[in-house]
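Visitor: I am new to looking at protein models. Please pick a single part and take me through it slowly, along with whatever surrounds it.

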Amino acid sequence: MGDFDWVRLSEDEHLDDHARYDRATFAFETKDYARAAGLLEPLAQTEPGNAAVALLLARSYYHAARLGPAEKVARDMIERWPSDAYAHLLLARTLQRAGRAEEGAPHLKIAEAMGLDT
């Protein structure tokens with residue numbers, strides 16, 4: 001029996017938004033990226049203006065190797081928040097990982113120009 005087997009978590013679908021985000025953050029931090037994305041997807045739909053949710057969702061997709069959804073969320077973030085350097089970096093890295101580094105190069109340069117250490 002593992003250290004935390006005694007902990008019983010409620011079903012994900014019955015969580016309020018705050019608890020859902022907290023659980024998604026925990027899943028991400030424990031490298032359960034697919035679960036984090038699954039928890040965040042409904043939040044991203046109901047709160048499209050929440051940059052923290054969008055960023056964690058894009059990062060979860062990226063780390064889960066779901067590059068198509070990661071690219072879409074990163075592009076949506078850049079459209080909504082063009083000065084978000086990390087969104088540019090995330091899009092560049094996603095495109096690089098998808099074998100489209102040349103397409104991501106401008107976003108990498110933008111992230112660098114905004115002061116991110118790439």
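Guide: Let us look closely at one helix, α5, and then at its surroundings.

This is a predicted model, in which local features need pLDDT of at least 70 and side-chain atom pairs count only at pLDDT 80 or more, while totals for chains, interfaces and linings use all residues. Residues are numbered from 1 along each chain as its sequence is written, and side-chain values use heavy atoms, with hydrogens and water left out.

A quick word on the whole chain will help you find your way. The protein chain has six helices and zero strands; here helices are DSSP runs of H or I with at least four residues, strands are runs of E with at least two, and both are numbered from the N terminus. Along the sequence, the pattern reads α-α-α-α-α-α. Of its 118 residues, 36% count as buried, where buried means under 20% relative accessible area, exposed means over 50%, and partly exposed lies in between (1.4 Å probe, protein chains only).

Now find helix α5, which covers residues 85-97. From the first C-alpha to the last, its 13 residues reach 18 Å, close to the 18 Å expected at 1.5 Å a residue. That expected span is 1.5 Å times one less than the number of residues.

Look next at the two ends. At the N-terminal end, Asp-84 acts as a cap: one of its side-chain oxygens lies 3.0 Å from the backbone nitrogen of Tyr-86. Just after α5, Gly-99 takes a positive phi of about 80 degrees.

Between those ends, many residues are hidden. The buried ones in α5 are Ala-85, Ala-87, His-88, Leu-89, Leu-90, Leu-91, Ala-92, Thr-94 and Leu-95. Their cover includes α3 (51-63), α4 (67-80) and α6 (101-113).

Let us zoom in on Leu-95, which has its place in α5. Leu-95 counts as buried because its relative accessibility is 0%. Leaving out residues up to four places away in sequence, Leu-95 touches Glu-71, Arg-75, Arg-100, Ala-101, Glu-103 and Gly-104; a contact means heavy atoms within 4.5 Å. Ala-70 is 25 residues from Leu-95 along the chain, and their C-alpha atoms are separated by 9.4 Å.

One of those partners, Glu-71, deserves its own visit. Glu-71 is found in helix α4. With a relative accessible area of 14%, Glu-71 is buried. Again leaving out residues up to four places away, Glu-71 touches Leu-91, Thr-94, Leu-95, Arg-100 and Glu-103.

What about α3, another of the covering helices? The axes of α3 and α5 come within 11 Å and cross at roughly 15 degrees. That angle makes α3 roughly parallel to α5: under 35 degrees counts as roughly parallel, over 145 as roughly antiparallel, 65 to 115 as roughly perpendicular, and the rest as oblique. The contact joins Leu-55, Ala-58, Arg-59, Tyr-62 and His-63 of α3 to Tyr-86, Leu-90, Arg-93, Thr-94 and Arg-97 of α5. For such angles, axes are lines fitted to C-alpha atoms, for helices over the stretch in contact, and values run from 0 to 180 degrees between N-to-C directions.

The covering helices α3 and α4 also meet each other. Their axes come within 8 Å and cross at roughly 155 degrees. The two helices are therefore roughly antiparallel. On the α3 side, residues making this contact include Ala-51, Leu-55 and Tyr-62, and on the α4 side they include Leu-67, Ala-70 and Met-77.

In the loop between α3 and α4 you will find Ala-65. Its phi is near 65 degrees, a positive value in a residue other than glycine. Ala-65 counts as partly exposed, at 46% relative accessibility.

To finish, take a look at the start of the chain. Helix α1 (residues 17-29) and helix α2 (residues 33-46) have axes that come within 8 Å and cross at roughly 155 degrees. That makes α1 roughly antiparallel to α2. Lys-31 sits in the loop between α1 and α2, and Lys-31 has a positive phi of about 65 degrees although it is not a glycine. Lys-31 is exposed, with a relative accessible area of 61%.

Technical notes:
Polar contact = N/O pair within 3.5 Å; in protein donor to acceptor, adjacent residues only side chain to side chain.
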